[in-house]
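Biologist: Before we discuss any single feature, I should like each label to be justified by a value and a cut-off. Could you take me through the reasoning step by step?

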Amino acid sequence: MTSTLPARAPGAGGVAPVALLSAEALRANAAHASAASGSNALAADAWGHGAEWVASVIAEMGGDAATLDPAALYGLPGAHTRPVMSLRGRALGTKPLLRGEGVSYGYTHRAPHDTTVALVTGGYAQGVVRSLGNRATVSIDGRRHRIVGRVAMDVSVVDVGEAPIARGAEVVFFGDPALGHPSLEEWTDATGLMAAEIVAAVGSRAERSVIA
Amino acid sequence: MTTTYRVDLDAFSRNLHRVRAAIAPAAHMLVVKDDAYAHGLEPLVSRAFDEGVRWFGAFDVATGAAVRAVVGPEARIFVWLIGGAEDLAAGVAADLDLGIGDEALLDDLAGLSEPAGVARIHLKIDTGLHRNGIRPERWDEALARTAELVAQGRGVLEGIWSHISEASDADDDDARAVFLAGRDAARAAGLAPRFSHLAASAAGFARGEFREDLVRVGAFSYGIRPAGGPGEDDLGIEPIATLVATVTAVDAAGVHLDLGSLHGLPSTLAGRFDVDTPAGPRRVEAIAPASLSVAPWPEAAPGDEVVVFGRGARNSATDLAELIDTIGEEIALRVSPTVPRRYLSA
């Protein structure tokens, strides 16, 4: 018996984090991307961006995605092009966290003072690398907040301090630094992983959604 | 590419029987979230149902509905992260058991205009993890709200549950005390939860008093041992999945395989582990986006298969995890869905 898995459960809209893909950034990058050296931009479902989508957008421009430099095409750190992918979760709710209380498995974080934490969709099953706990920040309503405690399989906890966070508020894990989003570079610095494998994991497990 | 992730369903069955024996008389809730820990939802759920598993932990409503489609009406399916009123209504309609760890969801339930049925509520008390779960100081209020929903015929309080931190036995004992007090309070409020559940794999095996009625076991069912904890033999479980890659080229730099970090093998493992070859163990020297280089051995040839990790390999998922300070679950979950799964069964 052989089976190729679907990338995700259909319609996992309730609590699934979303890998937003910018068609505009992809087109702009394609115009500047040099010829590929080594890796094929369509490998592993186009580095998690969706091979069918990437190939069709580039074909509409008269190009062949497989011949372009993947780092430039997808806007990975160091390529000086625009990030195509942004990972978004949602704040499902907030609650008080009192001084001395621990967070998540192993209590690797304890609150130094009374604060408020938000439960955010997105964990290591969707490519939010487990070692980002206590190291990375997310952006909610334009403000940065730290991920506290261990990243779990499907959720993370964020210390939001005094900031008012609406139920369902969008959380940007990474995106376009020009828009104030956390950069993928912050993730590569914190984890030692390559940007390529981070976007490949996120794009293949989060729910992909293309925006113009 | 011919890299495959081979899943041995007979080994999975043996683990299920081992879990059942270890946690008896509590029942096994098989956790199948995230595509059954990336092993493939449908084949694993189907096999588990055939082996007598009657509780499934699906995490979200979409996965719960997918499990329901596989197992039909007989099994109980528990979901515990619910995005709001619409998600909640879908969960009721799919006949799921609903883990509720946020008072706002009780309001959502009260506000559903035409619910498809009576919601089976499993109310979650926060016993220290501070993810979802109702804080103890708000628990009585949540119970009162739940009692109203029960009186209105909108819900039944089917369970009380929590997650524990596994930071230390003492921390878990503290968490259990909060949990038991929460259950006593529910009973005092006239609510009679049929099911209590607190433990996952590790505490379910090691600590009898944590088992209660149901133990939510994912990792051990898939043969994933805890990082820094007891070995597979001590636990009586076995890895069920193997990542197998194929030699594409052999040159002066080594033997190259058709598997890379884009397929989910963390590049931080480069230079840190060996794979078995016909000539003995050889080091994985480089992990590129779409390829992997192994130190050479005589007679290596394109088309040869190399077992990278898992069942039958030198290293399990957890062995690799320990090299980069993480847990076996993360190694397993990173295996890309672009790698074809192949299911073996005698």
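Modeller: Let us begin with Arg54(B), which lies over the face of Phe49(B), at 3.7 Å from the ring centre; bear in mind throughout that this is a predicted model.

Biologist: What makes Arg176(B) another case of a charged end over a ring?

Modeller: The criterion asks for CZ of Arg within 6 Å of the ring centre and within 35 degrees of the ring normal. The charged end of Arg176(B) sits over the ring of Phe210(B), 5.8 Å from its centre, and that value is within the 6 Å limit.

Biologist: Phe49(B) belongs to helix H3 of chain B; why is H3(B) called largely enclosed?

Modeller: A residue counts as buried under 20% relative accessible area, and seven of the 10 residues of helix H3 (residues 41-50) of chain B are buried, so the helix is largely enclosed by the rest of the structure. The buried residues are Leu41(B), Pro43(B), Leu44(B), Val45(B), Arg47(B), Ala48(B) and Phe49(B). H3(B) is followed by Gly52(B), whose phi is positive, near 100 degrees.

Biologist: Why is the pair of Phe205(B) and Phe220(B) called edge-to-face?

Modeller: The search of the whole structure finds 12 aromatic pairs over all chains. For Phe205(B) and Phe220(B) the figures are 4.8 Å centre to centre and 90 degrees between the planes; ring centres must lie within 6.5 Å to pair, and planes over 60 degrees apart count as edge-to-face, so both conditions are met.

Biologist: What does this pair tie together?

Modeller: Phe205(B) lies in helix H9 (residues 201-206) of chain B, while Phe220(B) lies in the loop between strand S9 (214-217) and helix H10 (232-235) of chain B, so the pair ties together parts that are 15 residues apart in sequence.

Biologist: How do you know whether Phe205(B) is buried or exposed, and Phe220(B) likewise?

Modeller: The cut-off for buried is under 20%. Phe205(B) has 13% relative accessibility and therefore counts as buried, and Phe220(B), at 3%, counts as buried too. Elsewhere in chain B, Phe59(B), Phe78(B), Trp80(B) and Trp161(B) form one aromatic cluster.

Biologist: What makes chain B as compact as a globular protein of its length?

Modeller: Chain B has 12 helices and 16 strands. Its radius of gyration is 22 Å, close to the 20 Å that the globule rule gives for 346 residues, so the chain is as compact as a globular protein of that length. The C-alpha atoms of chain B fill a box of roughly 75 × 40 × 35 Å along the principal axes, and 61% of its residues count as buried.

Biologist: Which residues are closest to the centre of the largest cavity, and which elements contribute to its lining?

Modeller: The structure holds three cavities of 30 Å³ or more, and the largest has a volume of about 100 Å³. Of its 16 lining residues, the closest to the centre are Tyr222(B), Gly223(B), Ile224(B), Pro239(B) and Ala317(B). The elements giving two or more residues to this lining are strand S15 (305-310) and helix H11 (317-323) of chain B. By class, the lining divides into nine nonpolar, five polar and two charged residues.

Biologist: How do you know which chains line the second largest cavity?

Modeller: The lining residues carry their chain letters, and they include Tyr124(A) and Arg205(A) from chain A as well as Leu333(B) and Pro337(B) from chain B. The volume of this second largest cavity is about 40 Å³, and H6(A) supplies the largest share of the lining, three residues.

Conventions:
Residues numbered from 1 in each chain as written. Chains lettered and ligands numbered in written order. Predicted model: local features only at pLDDT ≥ 70, side-chain atom pairs only at ≥ 80, totals over all residues. Heavy atoms only, no water. Phe/Tyr/Trp six-rings, centres within 6.5 Å; stacked < 30°, edge-to-face > 60°. Helix = DSSP H or I, 4+ residues; strand = E, 2+ residues; numbered from the N terminus. Buried < 20%, exposed > 50% of the residue type's maximum accessible area, 1.4 Å probe, protein only. 1 Å grid on protein atoms, 1.4 Å probe; cavity = no way out; pocket = protein on both sides within 12 Å on 5 of 7 lines; lining within 4 Å. Points joined across faces, edges and corners; volume = space filled by probe spheres on them. Nonpolar A, V, L, I, M, F, W, Y, C, P; charged D, E, K, R; others polar. Rg over C-alpha atoms; globule rule 2.2 N^0.38 Å.
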